[in-house]
Amino acid sequence: MNDMANSPTTAASNPPVQPTEAYFDARDVVRISATRNVPQPDRQLEKLAKLIDVSKCIGCKACQSACVEWNDTHPAVGENVGVYENPHDLTPDMFTLMRFAEWENPATNDLEWLIRKDGCMHCEDPGCLKACPAPGAIVQYSNGIVDFIKDNCIGCGYCVTGCPFDIPRISQTDHKSYKCTLCSDRVAVGQGPACAKACPTQAIVFGTKADMQAHAETRIEDLKSRGYENAGLYDPAGVGGTHVMYVLHHADKPGIYNDLPENPRISPVVEGWKGVTKTAGLAAIGLAAVGATLHGLFARGNEVEEHDIESADKLVKGQDPDEGGHV
Amino acid sequence: MAPRPYYSEPGDRLESVQPVEVSRYRGFTRANHWVTAFSLIALALSGLALFDPALYFLTGLFGGGQMTRWIHPIIGVVLFFSFALMFIQLWRLNMPKPEDTTWVANIGDVVKGREENLPELGKYNAGQKFVFWAMTGLIIVLIVSGVMIWQQVAGHLVSVPLRRVAVLVHALAAVAIILVFIMHVYAAIWTRGTLRAMTRGTVTGGWAWRHHRKWLREIASRDNKGPAE
């Protein structure tokens with residue numbers, strides 16, 4: 001009998017030598033795409049989070065390499081077009097991407113090099129899951145991880161439509177959607193995500209959400225003491241908070257970090273599509289179909305009458321059909 | 001060349017006079033109609049499957065979720081071109097005419113089947129014209145919004161905010177076209193003697209006299225150069 005892993009509290013520890021059992025699995029699912037009334041699990045797992053401290057990132061892309069290696073993806077060899085991003089965008093084979101921005105700080109006239117590790121934010125209220133039409137293709141575990149279940153994915157791209165952060169990418173090879181899993185397979189056996197494990201400056205750290213928030217506080221305090229008075233935590237409330245958070249030195253302007261949304265939320269258009277349009281639309285179709293069927297079965301049809309036939313007969317014979325006939 | 005008839009297509013003619021039968025749709029138009037009709041039904045079923053989880057089981061008709069996702073837009077393209085071909089054949093006589101106003105004003109008599117209170121009509125009444133133009137408009141909206149959310153073809157070309165609008169518009173237009181479709185089928189069944197126009201291609205003289213008298217008059221006046229012996 002193998003030991004059961006514990007919920008990881010850090011990405012820094014090394015794995016045990018003995019194999020361990022997963023500590024969470026399908027029984028811990030709290031939300032399932034295209035599924036109503038998901039039975040809630042008996043237990044609530046500790047909420048987890050990855051914290052990315054932008055101010056400590058050196059842009060080495062070790063996280064990208066670790067991600068590719070752990071997830072065994074095979075991104076195509078890129079092309080240098082004179083920018084640092086490599087590849088140029090998230091792809092079905094690249095779940096995380098260092099995005100580089102050169103920003104001139106108007107207060108200091110300094111050029112600041114802002115590097116943000118982009119990838120799935122693991123929203124508490126995930127737009128991808130809301131938009132997904134395929135039952136079970138997207139699930140959320142009670143520890144906050146939002147995971148794509150490849151076998152159920154139909155490749156429609158609705159998750160792209162629903163995501164407030166433009167994260168999922170659909171493979172043109174197998175027509176499935178891909179994104180960061182928060183290394184759910186590593187976390188399940190007590191390990192932190194591969195990117196956090198690989199980060200040489202510990203700009204990426206991992207643990208319980210509470211620990212990460214506390215750690216962020218110390219980082220923010222430090223940044224403020226160094227003159228970054230707007231330093232803060234990016235854990236946007238519009239999506240219920242996220243399980244990937246950023247420490248930003250300019251938290252008042254998330255947009256300067258390659259268009260990190262200021263106030264992300266599931267778009268009202270998506271809410272309207274999945275909400276009132278669906279309910280009212282199906283009700284209208286249902287009523288019309290049932291009404292037309294019942295009326296068709298029980299009401300008298302519009303029948304051609306004898307005098308219509310006679311009139312047509314006269315008409316084609318060149319007689320005046322209206323003469324003495326029924327008008 | 002004879003001037004184009006006003007209430008009928010040049011090909012509409014008396015099929016027989018004893019009893020009176022009038023050719024309403026030639027074989028090509030009927031085949032065209034049925035390709036369009038079955039495409040629309042397949043699109044409605046596959047589209048509804050992806051619209052609400054409660055109807056996801058309909059993907060089984062198409063071989064599963066992935067197949068449904070793949071085939072829905074392809075059928076959409078088939079329908080678009082099929083309908084376009086039908087549009088070319090039908091648009092002229094679906095243009096509004098003065099008598100349409102009277103017909104709509106007396107919609108109560110239409111519903112009650114009191115044709116004697118209604119104006120004489122050409123090949124189509126205002127209801128049929130509504131179906132034609134509603135289908136035309138909605139199919140254009142559906143093909144444009146549909147291509148925009150066609151992941152395999154346009155996934156990388158359309159921005160996410162635009163996709164959101166397109167998916168909502170697509171859903172609204174789809175609901176509308178299904179309602180128009182129900183209306184179309186219902187009216188064809190309620191008005192007895194109509195379905196054969198799209199199966200055999202002909203209608204009875206009595207039907208033509210009752211519902212499309214100007215159409216019948218025009219055909220009769222050009223065809224009865226003397227009874228066919």
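This is a short walk through a predicted model with chains A and B, starting with chain B, moving on to its contact with chain A, and ending in chain A.

Let us begin with the overall build of chain B. Its C-alpha trace spans about 65 × 35 × 35 Å along the principal axes. The secondary structure of chain B comes to ten helices and three strands, and if you follow the chain from the N terminus, the elements appear in the order β-β-α-α-α-α-α-α-α-α-β-α-α. Of the 229 residues in chain B, 38% count as buried. If you like to think in contact maps, take the contacts in chain B with a separation of 6 or more: 65% of them come from residues 24 or more positions apart.

The two strands that open chain B are a good place to zoom in. β1(B) and β2(B) form a hairpin, with two residues between them. Strand β2 of chain B covers residues 20-23, and its pairing with β1(B) is antiparallel, over four bridges. To find this pairing in your viewer, look for B:Leu14, whose bridge partner in β2(B) is B:Val22.

Next come the helices of chain B, where two pairs are worth a visit. In the pair α1(B) and α2(B), the axes come within 8 Å and cross at roughly 150°. An angle over 145 degrees counts as roughly antiparallel, and α1(B) and α2(B) are therefore roughly antiparallel to each other. The crossing in which α1(B) passes α2(B) is left-handed. Sorted by class, the contact of α1(B) with α2(B) holds 13 nonpolar and twelve polar residues, and no charged ones.

The other pair is α5(B), a helix of residues 126-148, and α7(B), whose axes come within 8 Å and cross at roughly 155°. The same reasoning applies here: α5(B) and α7(B) are therefore roughly antiparallel to each other. α5(B) also passes α7(B) in a left-handed crossing. In the contact of α5(B) with α7(B), the residues divide into 17 nonpolar, five polar and one charged.

Some of these helices turn up again where the chains meet. In total, 46 residues of chain B are in contact with 44 residues of chain A. On the chain B side, two or more residues each come from β1 (13-17), α1 (27-51), α2 (65-90), α7 (160-190), α9 (205-211) and α10 (213-223) of chain B. Which element gives the most to the side of chain B that touches chain A? That is α7(B), with 15 residues. By class, the chain B side consists of 26 nonpolar, twelve polar and eight charged residues.

Crossing over to chain A, we arrive at an open sheet of four strands, in the order β11-β4-β13-β12, with mixed pairing. Its edge strands are β11 (204-208) and β12 (232-234) of chain A, each of which pairs on one side only. On average, neighbouring strands of this sheet are turned by 25° against each other, direction ignored.

As a reminder, strands of a sheet pair through backbone hydrogen bonds, either parallel or antiparallel. We can now step across the sheet one pair at a time. Strand β4 of chain A, residues 48-53, runs antiparallel to β11(A) and is joined to it by five bridges; here A:Ala49 has A:Gly207 as its bridge partner in β11(A). β4(A) and β13(A) run parallel, joined by four bridges, with A:Ile52 opposite A:Tyr246 in β13(A). Finally, β12(A) and β13(A) pair in the antiparallel sense over three bridges, and A:Leu233 stands opposite A:Val247 in β13(A).

Is β13(A) enclosed or open? Five of its five residues are buried, so β13(A) is largely enclosed by the rest of the structure. A:Val244, A:Tyr246 and A:Leu248 point one way from β13(A), while A:Met245 and A:Val247 point the other way, and all are buried. Helix α6 of chain A, residues 209-225, lies across β4, β11, β12 and β13 of chain A, running at about 135° to β11(A).

One last stop in chain A is helix α8, residues 306-316, whose buried residues are A:Asp308, A:Ser311, A:Ala312, A:Lys314, A:Leu315 and A:Val316. After α8(A) comes A:Gly318, whose phi is positive, near 85°.

How values were computed
Residues numbered from 1 in each chain as written. Chains lettered and ligands numbered in written order. Predicted model: local features only at pLDDT ≥ 70, side-chain atom pairs only at ≥ 80, totals over all residues. Contact = placed C-beta atoms within 7 Å. Nonpolar A, V, L, I, M, F, W, Y, C, P; charged D, E, K, R; others polar. Pairing = 2+ DSSP bridges. Axes fitted to C-alpha atoms, helices over the stretch in contact; angles between N-to-C directions. Parallel < 35°, antiparallel > 145°, perpendicular 65-115°, else oblique. Left-handed = near helix turned anticlockwise from the far one by under 90°. Buried ≥ 20, exposed ≤ 12 C-beta atoms within 10 Å, placed from the backbone.
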